[in-house]
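This report considers how the strands of a protein are arranged, how its aromatic rings meet, and what lines one of its pockets. Please keep the sequence and the structure in view while reading.

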Amino acid sequence: MAGEARKLQLNELEEMRLFSYENAKLFKENTKKWHDKRIQPRVFEKGQRVLLFNSRLRLFPGKLKSRWSGPFTITKVYPHGAVDVCNEQSGKEFKVNGQRLKHYLGGEVDRAKTSITLEDA
């Protein structure tokens, strides 16, 4: 009788495990749908000015420092999201993932000024 009870417990445990795997799969699918629905496609064209996200900035102190650098000018757009950008000051050209870029909507940047005081703002 104890053997029969143990077999029933093992079967129930197996059903619970399969049910958990199914729930985890459904959760991942729903999370992916939610995330993909909120991604905004960015279309870049040659000659546009963009900002580049610097993911390595967290190595340096200063949590209020902006992680976006630039502006850069787009020189070439590849079909699968890669983009060639050119640094305006140094003239260097390099290839980056298009997801690390965002459109630059500001005007000219005064590079001589490194900080802004509260009185100036």
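## Strand pairing

In this predicted model, strand β1, which covers residues 49-53, pairs with β5 in the antiparallel sense over three bridges. Leucine 51 has lysine 102 in β5 as its bridge partner.

Strand β3 (residues 82-87) also has an antiparallel partner, β4, and five bridges join the two. Here valine 85 is matched with phenylalanine 94 of β4 as its bridge partner. β3 and β4 form a hairpin in which five residues lie between the strands. In the turn of this hairpin, glycine 91 has a positive phi of about 80°.

## The sheet as a whole

These pairings belong to an open sheet of five strands with antiparallel pairing, in the order β4-β3-β2-β1-β5. The edge strands are β4 (93-97) and β5 (101-103), each of which pairs on one side only. On average, neighbouring strands of the sheet are turned by 50° against each other, direction ignored.

## Aromatic pairs

The structure holds two aromatic pairs. In one of them, the rings of phenylalanine 53 and tryptophan 68 have centres 5.1 Å apart; their planes stand at 65°, over the 60 degrees required, so the pair is edge-to-face. This pair links distant parts of the chain, since phenylalanine 53 is in strand β1 and tryptophan 68 is in strand β2 (residues 68-77), 15 residues apart. Phenylalanine 53 counts as partly exposed because its relative accessibility of 26% falls between the cut-offs of 20% and 50%. Tryptophan 68 is likewise partly exposed, with a relative accessible area of 28%.

Another pair is formed by phenylalanine 72 and phenylalanine 94, whose ring centres are 5.7 Å apart and whose planes lie at 85°, so this pair is edge-to-face. The pair links distant parts of the chain: phenylalanine 72 is in strand β2 and phenylalanine 94 in strand β4, 22 residues apart. Phenylalanine 72 has a relative accessible area of 8%, which is under 20%, and is therefore buried. Phenylalanine 94, at 31%, is partly exposed. Phenylalanine 94 is also the residue that serves as bridge partner of valine 85.

## The second largest pocket

The second largest pocket has a volume of about 260 Å³. Its lining consists of 13 residues, and those nearest its centre are Pro41, Arg42, Phe44, Gly98 and Gln99. By residue class, the lining divides into six nonpolar, six polar and one charged.

Methods: Residues numbered from 1 in each chain as written. Predicted model: local features only at pLDDT ≥ 70, side-chain atom pairs only at ≥ 80, totals over all residues. Heavy atoms only, no water. 1 Å grid on protein atoms, 1.4 Å probe; cavity = no way out; pocket = protein on both sides within 12 Å on 5 of 7 lines; lining within 4 Å. Points joined across faces, edges and corners; volume = space filled by probe spheres on them. Nonpolar A, V, L, I, M, F, W, Y, C, P; charged D, E, K, R; others polar. Pairing = 2+ DSSP bridges. Helix = DSSP H or I, 4+ residues; strand = E, 2+ residues; numbered from the N terminus. Axes fitted to C-alpha atoms, helices over the stretch in contact; angles between N-to-C directions. Phe/Tyr/Trp six-rings, centres within 6.5 Å; stacked < 30°, edge-to-face > 60°. Buried < 20%, exposed > 50% of the residue type's maximum accessible area, 1.4 Å probe, protein only.
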